[in-house]
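Open the model in your viewer and keep the selection tool ready. Each stop on this tour tells you what to pick and what is there.

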Amino acid sequence: MNTKACSLAALVALGLFTYGCSGSSPESAPATSAPAAEAPSAASATNPAVNPVLANAVPTPQIEAMTKAVAALGPHKQANLPPIPFRGYAPPRPPDVVTAAFVFAAEHPEVTSYIPCFCGCQHGGHKGNHDCFVRSRAANGDVIDWEEHGVECAVCIDVATRSRQLLASGASVQEIRAAIEREFVPSAQTMTPTPKPPAAHSH
């Protein structure tokens with residue numbers, strides 16, 4: 001019985017991760033099986049005291065330090081980026097949108113390291129949206145290896161795309177973070193333990 005229960009739990013966890021990375025956009029994602037009455041209201045969606053998604057996404061001091069170190073590398077232009085790791089099948093978003101998300105993460109770690117992701121990728125060690133695209137950097141900030149997960153996860157791509165649009169509009173990192181939480185948290189079931197940007201931090 002315990003073995004069956006463990007197997008069921010594993011399947012449920014895998015299903016949640018797969019659902020989060022499906023090709024549906026956040027606006028058109030199907031409703032979850034939870035009753036509508038249990039969904040957080042617009043006012044409480046971004047309040048950790050009443051929203052378990054936010055309450056469970058608390059960064060550790062180690063994550064705080066790692067995020068600060070990555071953010072300090074940007075903005076960072078890189079003349080020759082590694083090839084985007086496209087697979088042999090179509091990504092969930094157009095290739096130019098996927099490419100723009102990778103380039104944005106590479107060039108703006110000061111933004112993406114402070115932006116959470118909502119697909120469940122924290123189970124793979126991701127600390128924020130930056131980690132959805134960048135696996136490693138050289139000491140000078142240049143990207144050495146991409147994170148291939150970003151190619152096939154619509155949620156990761158959508159978060160990066162929205163952040164890129166907001167930065168282009170003149171929004172600060174704090175404003176981008178707040179906007180991303182308002183847009184994605186109400187329908188999210190999980191979130192990376194991404195630190196908030198420092199009060200004085202801006203693009």
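**Stop 1: Glu 107**

Select Glu 107. Is it buried or exposed? In this predicted model, Glu 107 has a relative accessible area of 16%. The cut-off for buried is under 20%, so Glu 107 counts as buried. Now colour helix H4, because that is where Glu 107 lies. Next, show what Glu 107 touches, leaving out residues up to four places away in sequence. You should find Pro 75, His 76 and Lys 77.

**Stop 2: the whole chain**

Zoom out and switch to a cartoon view. The protein has 8 helices and 2 strands. Trace the chain along the sequence. The pattern reads α-α-α-α-α-β-β-α-α-α. There are 203 residues in the protein, and buried ones make up 43% of them. Now think about contacts between residues with a separation of 6 or more. Of these contacts, 72% join residues 24 or more positions apart.

**Stop 3: the largest nonpolar core**

How many residues does the largest nonpolar core have? It has 42. Select Phe 118, Cys 119, Phe 133 and Ile 176, the residues with the most contacts inside this core. Then colour the elements that give two or more residues to it: helix H2 (52-55), helix H4 (95-107), strand E2 (143-146), helix H7 (154-168) and helix H8 (173-184). H7 supplies the largest share, 7 residues.

Stay with Ile 176 for a moment. Set aside its neighbours within four places in sequence. Ile 176 is then in contact with Val 111, Ile 115, Ser 163, Leu 166, Leu 167 and Ala 171.

**Stop 4: the cysteines**

Go back to Cys 119. Its relative accessible area is 1%, so Cys 119 is buried. Now pick Cys 132. Cys 132 is buried too, because its relative accessibility is 0%.

Which cysteine sulfur is closest to that of Cys 132? It belongs to Cys 156. Draw a distance line between the two sulfur atoms. A disulfide is a covalent bond between the sulfur atoms of two cysteines. Here the sulfurs are 3.5 Å apart, and a disulfide needs them within 2.5 Å, so this pair is too far apart for a bond. A search of the whole structure finds 0 disulfides.

**Stop 5: the second largest pocket**

Select Lys 127, His 130, Asp 131, Val 134 and Arg 135. Of the 14 residues that line the second largest pocket, these lie nearest its centre. The pocket has a volume of about 170 Å³. Which elements give two or more residues to its lining? They are helix H3 (61-71) and strand E1 (134-137). E1 gives the most, with 4 residues. Now colour the lining by class. You should count 4 nonpolar, 5 polar and 5 charged residues.

**Stop 6: the largest cavity**

Rolling a probe the size of a water molecule over the atoms shows where empty space is left. How many cavities of 30 Å³ or more does a search of the whole structure find? The search finds 1. About 50 Å³ of space lies in the largest cavity. Select its lining: Met 66, Thr 67, Val 70, Ser 113, Lys 127, Gly 128, His 130 and Asp 131. By class, that lining has 2 nonpolar, 4 polar and 2 charged residues. Lys 127, His 130 and Asp 131 should look familiar: they line this cavity, and they were also picked out at the pocket.

Note on methods: Residues numbered from 1 in each chain as written. Predicted model: local features only at pLDDT ≥ 70, side-chain atom pairs only at ≥ 80, totals over all residues. Heavy atoms only, no water. Buried < 20%, exposed > 50% of the residue type's maximum accessible area, 1.4 Å probe, protein only. Core = buried A, V, L, I, M, F, W, Y, C linked by side-chain atoms within 4.5 Å. Contact = heavy atoms within 4.5 Å. 1 Å grid on protein atoms, 1.4 Å probe; cavity = no way out; pocket = protein on both sides within 12 Å on 5 of 7 lines; lining within 4 Å. Points joined across faces, edges and corners; volume = space filled by probe spheres on them. Nonpolar A, V, L, I, M, F, W, Y, C, P; charged D, E, K, R; others polar.
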